[in-house]
Amino acid sequence: MMDIVLQLLFTGIGIGAVYALVALGFVLIFRATNVVNFAQGEFSMVAAYLMVVFSVDLGWPYWLSFLLSLAGMALLGVIFNLGVYYPLRHRSFLPVIIATIGASILMANSVLAIYGPQPQVLQGWFETPGIQLGPVYLDSQYLLIIAVTILLVIFNYWFFEKTMLGKKLQATSQDKEMASLLGISVSAMIMITFIYSAVLGGLAGILVAPVLFVSIQMGSTIALKAFAATIIGGFGDVTGAIIGGLALGVIETFGAAYISVPYKDGFAFLVLIFFLIFRPQGIFGERVAEKA
Amino acid sequence: MKLTRRDFAAGIAAGIVAPHIISSARAQGATLKIGMCAPVTGPAAESGGYAVKGAKLALDAVNKAGGVMGKQLELIVEDDQTTNPGIVLAFSKLAADPDIVGFLGSIRSTQVHAMAPDVLKLGKPVMIGGTDPNLTHMGNQWLFRCRPNDSYSGSVIADYGVNTLGKKKWAVLHSTDAFGTAGGKALSDALTKLGTPSVLDQGYANQSQDFTPVVLAIKQSGADILGSYFTFENDLGIFARQLRQLGVTIPWVGSPSIVNITALKLAGPALYGTFGVADYAEDSSDASKAFGKIYRDAVKVAPDNQSSWPYDAVTILSAAINKAGSTDPTKIREAILATKKFAGAEGEYNFDQNGDGLHGYNIVKNEKGNIVFDKHIESAN
């Protein structure tokens, strides 16, 4: 019995970590711009395809393909900011959100047109698919995903709390006018946020691709759950996004195991509805309220 | 020359009538059109491409042999986007063209269900690949199936597992869409008839990202054999990997998706040693071998059921129109239902009055990525 619980817990945390990585991108852009970027999932998909191009099609080393893919995502973040957000930055949030949806459709269809509809296989980082630890099988890719998520939590804390750039980004997200009066280049900070979010989304896509395969739909599937995780955690809160993502992964995995497999996705959205009704500010909502 | 009022009237009349006469004459000399709804985009776009290629190969063969009723066949493809609304829209576009005499629907039962009311309203023959048994048993006389239905696959999977592999404790895993639900039910019913009811009947939602709970349920059930109905290959690929990773090595007999090209590519070694019911098996007959050769030559990939059923559908539809000697839908329908002992790529067609052309399945085995024909089993149903 305990072995099953541990196996489910490991898988739930693994899949939750993927939601958390994408959710983090949602949160960072929301904090900086006050809009939800519905193309965040497509960042994951594009990065996974870039990996396939570099690593599989061109046969370049995995680490080089990884770095190039993330560099490509940074570039995409710049283009996205300049092409989608920047021209609409003085408009209300609605046109920007619609623009992100449009960009998401454009990215999905561009990849479809360039690369075709075939799902692709991307090998993981490790030769060994996983390790057996007592009764529990630990998928090496999920282990990597969890490790990267932990590192990112630490990195985000250090970056946003301990570095000047992080503090400038925080200041920009909290009050753009005040930040501007203090000599912070708001446009540059927003640009950096988009780059970082695109890289984070891309990282999630590259990490999860060996598990879920590389397909046009992979981004939207993950993004939907990540969006729910963001609301559960508290929109605008970095820790909330991580906790929300992990919680969602664990809840849906245990819900599937002990209640119903076909309604697995339903559990995630039931939790979402519960939060929307009883705690719309999310788990870490108080800090957001204070900020507002 | 003096233009009289009568000459003027005659000129006007000729001017009005002439374009119609010319277009009518053109229409009579034009090609015969067949419409095809295929997933050009969406999750099944890859297999959709194979389907279109299969249909076009049949079209070329028919046209080389003189066409249909002395005319060349033309295939009009509309994208069904792999969705139910998509196929309804695609079919309505095709149905609006009065020159289209017959259609190819979907391999996906849910999509065929979605388009079925419009098919009934239009009243023209539609060849389908969807294997939900209900499709040809719900009073829609215009649907003709070019694959064996799931009531047959269920009984063949059960027969092979129980009588050939000697396994009695079954776990049945199926998608919760129309195809998977019908397939899972057919397998469970067949197992009950054989006196070996399943120990686990587990559904899952399409596009699941993780099957750990499912694999653990199979382990806990104590099943010694697994029967499955997967709709999408990426689901099958993820499940197959996790099944092996979590140490489940029981024999696995799956529905046709377990041996299709995309699934083999995605799952790789995780599917080695599995069995599948396959409506198309290259070595099962001379006609299957012949199709396999022309498909490999033209497309450069191994043939599978995604391409073989549209190939047969176009061939059977063309032969039926030729036999009917007319494009009248009722006469074509009668000719399709009269098709007997027709050697197709999928097997020998003997249409019954419900519109089902095939009544048995081949069992194939995945031997290190190669799909090897084992035996053909005619359904006991």
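Which residues does L138(A) touch, not counting residues up to four places away in sequence? Keep that in mind as you open the viewer; what you have loaded is a predicted model.

**Stop 1: L138(A)**

Select L138(A) in strand β2 of chain A. Leaving out residues up to four places away in sequence, L138(A) touches F10(A), G130(A), I131(A), L133(A) and L143(A). Now add G14(A) to the selection: 124 residues of sequence separate G14(A) from L138(A), yet their C-alpha atoms are 9.7 Å apart in space. Is L138(A) buried or exposed? The answer falls in between: 18 other C-beta atoms lie within 10 Å of L138(A), so it is partly exposed.

**Stop 2: where chain A meets chain B**

Show both chains and highlight the contact between them. Chain A brings 26 residues to this contact and chain B brings 25 residues. On the chain A side, the elements that each supply at least two residues are α1 (2-33), β2 (136-139), α10 (238-258) and α11 (264-278). The largest share of that side comes from α1(A), with 5 residues. Colour the chain A side by class and you should find 15 nonpolar, 8 polar and 3 charged residues.

**Stop 3: helix α10 of chain A**

Stay with one of those contributors, α10(A). This helix has 21 residues and reaches 30 Å from its first C-alpha to its last, close to the 30 Å expected at 1.5 Å a residue. Of its 21 residues, 16 are buried, so α10(A) is largely enclosed by the rest of the structure.

**Stop 4: helix α4 of chain A**

Next, select residues 93-115 of chain A, which form helix α4. Its 23 residues reach 33 Å from the first C-alpha to the last, close to the 33 Å expected at 1.5 Å a residue. Which residues of α4(A) are buried? Show side chains for V96(A), A99(A), T100(A), S104(A), M107(A), A108(A) and V111(A). As you look along the helix, recall that an α-helix has 3.6 residues a turn, so residues three or four places apart point the same way. The buried residues of α4(A) pack against α2 (40-57) and α3 (62-85) of chain A. Just after the helix, click on G116(A), whose phi is positive, near 85°.

**Stop 5: G124(A)**

Carry on along the chain to G124(A), in the loop between α4 and β1 (130-133) of chain A. With 18 other C-beta atoms within 10 Å, G124(A) is partly exposed. Its contacts, leaving aside neighbours within four places in sequence, are S140(A), Q141(A) and P210(A). Draw a C-alpha to C-alpha distance from G124(A) to L144(A): the two are 20 residues apart in sequence and 9.6 Å apart in space.

**Stop 6: a helix pair, α5 and α6 of chain A**

Select residues 140-162 of chain A for α5 and residues 164-174 for α6. How do these two helices pack? Their axes are 5 Å apart and meet at an angle of about 80°, and α5(A) and α6(A) are therefore roughly perpendicular to each other. To see the contact, show F159(A), F160(A), E161(A) and K162(A) from α5(A) together with G166(A), L169(A) and Q170(A) from α6(A). By class, the residues of this contact are 3 nonpolar, 2 polar and 2 charged.

**Stop 7: helix α8 of chain B**

Cross over to chain B and select residues 233-245, helix α8. It has 13 residues and reaches 18 Å from its first C-alpha to its last, close to the 18 Å expected at 1.5 Å a residue. Here 11 of the 13 residues are buried, so α8(B) is largely enclosed by the rest of the structure. Among the buried residues are L236(B), I238(B), F239(B) and L243(B). What covers the buried residues of α8(B) includes α8 (186-212) of chain A, along with α7 (212-221) and α9 (261-267) of chain B. After the helix comes G247(B), whose phi is positive, near 80°.

**Stop 8: the two domains of chain B**

Finish by colouring chain B by domain: domain 1 is 32-148 + 283-350, and domain 2 is 151-278 + 363-378. Their C-alpha centres lie 27 Å apart. At the boundary, 20 residues of domain 1 are in contact with 17 residues of domain 2. On the domain 1 side, α2 (45-64), α4 (109-122) and α11 (305-324) of chain B give two or more residues each, and α4(B) gives the most, with 3 residues. That side divides into 5 nonpolar, 10 polar and 5 charged residues.

Key:
Residues numbered from 1 in each chain as written. Chains lettered and ligands numbered in written order. Predicted model: local features only at pLDDT ≥ 70, side-chain atom pairs only at ≥ 80, totals over all residues. Contact = placed C-beta atoms within 7 Å. Helix = DSSP H or I, 4+ residues; strand = E, 2+ residues; numbered from the N terminus. Nonpolar A, V, L, I, M, F, W, Y, C, P; charged D, E, K, R; others polar. Expected span 1.5 Å × (residues − 1). Buried ≥ 20, exposed ≤ 12 C-beta atoms within 10 Å, placed from the backbone. Domains from an automatic or database assignment. Axes fitted to C-alpha atoms, helices over the stretch in contact; angles between N-to-C directions. Parallel < 35°, antiparallel > 145°, perpendicular 65-115°, else oblique.
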